[in-house]
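Q: Please explain how the features of a model such as the one below are to be read.

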Amino acid sequence: MSALRPHDGDAPARAILVGVDFGRGSSFDASLDELALLAESAGDVAVARVVARRKAPDAAFFVGSGKADELKELVQLHQAEAVIFDQTLSPAQQRNLERHLGVAVADRTMLILEIFGERAQSHEGKLQVELARLQYLSTRLVRRWSHLERQRGGIGTRGGPGEAQIELDRRMIGERIKAIRKQLEKVKKQRSTQRRARERNQTFRISLVGYTNAGKSTLFNSLVNAEAYAADQLFATLDTTTRQLHLENIERGVALSDTVGFIRDLPHSLIEAFQATLQEAADADLLLHVVDAASPDLAEQMREVERVLDEIGAGEVEQVVVFNKIDRLDETERPRVLADSIELPSGRRVPRLFVSAVSGEGLAALRECVATLAVREPRAGSLNRDAGASPEAGPAASGDEAEDLRVGTYHSHA
Ligand SMILES: Nc1nc2c(ncn2[C@@H]2O[C@H](COP(=O)(O)OP(=O)(O)OP(=O)(O)O)[C@@H](O)[C@H]2O)c(=O)[nH]1
Ligand SMILES: [Mg+2]
């Protein structure tokens with residue numbers, strides 16, 4: 001499968017990681033730790049890390065030609081089979097580098113697309129990944145094509161086999177994109193039917209969101225006694241899983257969903273392709289924003305999650321921030337109280353709880369917090385929606401009428 005691995009999935013490809021610091025205002029991770037994790041998750045092994053500094057990307061090689069020569073030496077020294085860049089390469093840069101270095105060259109976006117491709121399980125997940133890949137590919141073809149056209153235009157010849165082939169590829173890709181969009185539209189309709197059914201019986205919907213590897217699936221498993229796939233990999237989860245969450249003294253149905261994680265510089269084509277999956281989060285009554293409390297980059301990771309939530313229209317949904325993995329904190333780093341509040345980048349203040357999904361510490365308090373929120377009156381938006389969609393929802397309930405909300409139970413489709 002892998003574009004990087006010459007022999008299908010056998011031994012991991014030995015990869016050299018490259019990050020370039022363009023100074024202020026550009027995202028740069030000097031450690032390249034996340035890129036290494038991405039590479040590992042894609043089945044590669046990082047054999048060397050290279051960090052360079054430049055004012056602006058070089059048009060031909062992204063890095064300067066001196067650095068490119070250095071990379072070539074490193075490739076030989078480490079017998080590397082691939083070079084992976086932390087930032088996005090243009091198609092021309094990628095081609096030039098491959099020619100210069102003599103090995104496969106990829107960037108962060110390609111790596112993420114590759115991981116998503118390998119993880120996709122459900123019909124919908126596979127469609128979404130294919131859509132993202134084709135969109136990515138089509139922009140590359142377009143750019144390459146216009147580049148060729150310009151070149152040919154200069155010497156007065158138009159047409160030619162290469163150009164015709166690219167035009168044909170483009171058209172085929174365009175048609176396939178259209179077909180997938182149509183299929184996804186169908187899936188979306190089914191989803192909204194299921195959603196309406198849940199709304200009718202007044203299920204309180206909770207989505208776990210957060211940076212990839214924060215521990216969402218592990219938390220999901222401990223909260224609902226499930227066995228969703230959790231692993232020390234980026235993007236272990238792609239498909240949304242929903243289960244009923246049983247809470248003490250709560251008769252109202254509560255549904256908990258585990259979903260795909262976010263990451264810095266998530267390719268836009270992926271966000272667009274995963275719109276339906278991400279929509280689950282936007283439509284929830286409550287978001288549990290899971291944060292890896294032991295991560296040195298947690299502030300940046302939280303900002304990124306908030307950014308994506310805004311982008312998918314979930315920025316206003318009620319939120320509880322869950323600092324997970326507190327078992328990994330040193331005695332000195334541990335919070336003295338396991339519940340307080342935290343200010344989101346938007347300035348909104350929300351409750352924060354500290355837990356360990358692995359040891360179970362703090363989970364009882366988390367359940368209690370969720371239960372309190374679930375018996376409160378639903379937010380105005382969901383009431384309006386219900387009023388239109390289902391007569392059973394009845395008149396708007398106030399807090400005193402919480403009893404009225406305790407109708408029906410959500411039955412998991414899983
Ligand atoms: N020590 C410790 N490790 C944890 C805890 N929660 C999760 N982990 C570990 O963190 C890693 C990632 O956990 P997942 O539950 O797969 O994370 P996720 O957020 O679902 O990740 P993606 O699905 O990849 O986005 C796994 O190796 C878990 O065992 C915790 O409370 N303590
Ligand atoms: Mg997961």
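A: A suitable starting point is the residue after a helix (helices, H or I, of at least four residues, and strands, E, of at least two, are DSSP runs numbered from the N terminus). Here Asn 225 comes after H7 and has a positive phi, near 55°. The model is predicted, with pLDDT of at least 70 needed for local features and 80 or more for side-chain atom pairs, while totals for chains, interfaces and linings use all residues. Residues are numbered from 1 along each chain as its sequence is written, chains are lettered from A and ligands numbered from 1 in the order in which they are written, and side-chain values use heavy atoms, without hydrogens and water.

Q: How many of the residues of H7 are buried?

A: Buried means under 20% relative accessible area, exposed over 50%, and partly exposed in between, with a 1.4 Å probe and protein chains only. In H7, 7 of 9 residues are buried, among them Lys 216, Phe 220 and Val 224.

Q: What covers the buried residues of H7?

A: Contact means heavy atoms within 4.5 Å. The cover includes strands E5 (204–210), E6 (241–244), E7 (254–258), E8 (286–292) and E9 (319–324), together with helix H11 (363–375).

Q: Which residues are the closest to ligand 1?

A: A residue is near a molecule if one of its heavy atoms lies within 4 Å of it. Ligand 1 is surrounded by 23 residues, the closest being Lys 216, Thr 218, Ala 236, Thr 237 and Asp 327. Helix H7 (residues 216–224) gives the most to this shell, with 3 residues.

Q: Which polar side-chain atom lies 2.5 Å from an oxygen atom of ligand 1?

A: A polar contact is a pair of N or O atoms within 3.5 Å; within protein, one must be able to donate a hydrogen and the other to accept it, and residues adjacent in sequence count only if both atoms are side-chain atoms. The atom in question belongs to Thr 218. A polar backbone atom of Gln 233 is 3.2 Å from an oxygen atom of ligand 1, and for an N or O atom in the side chain of Ser 356 the distance to a ligand oxygen is 3.3 Å.

Q: Is Glu 34 buried or exposed?

A: Glu 34, in helix H1 (residues 33–41), has a relative accessible area of 14% and is therefore buried. The side chain of Glu 34 makes a polar contact of 3.0 Å with that of Arg 108.
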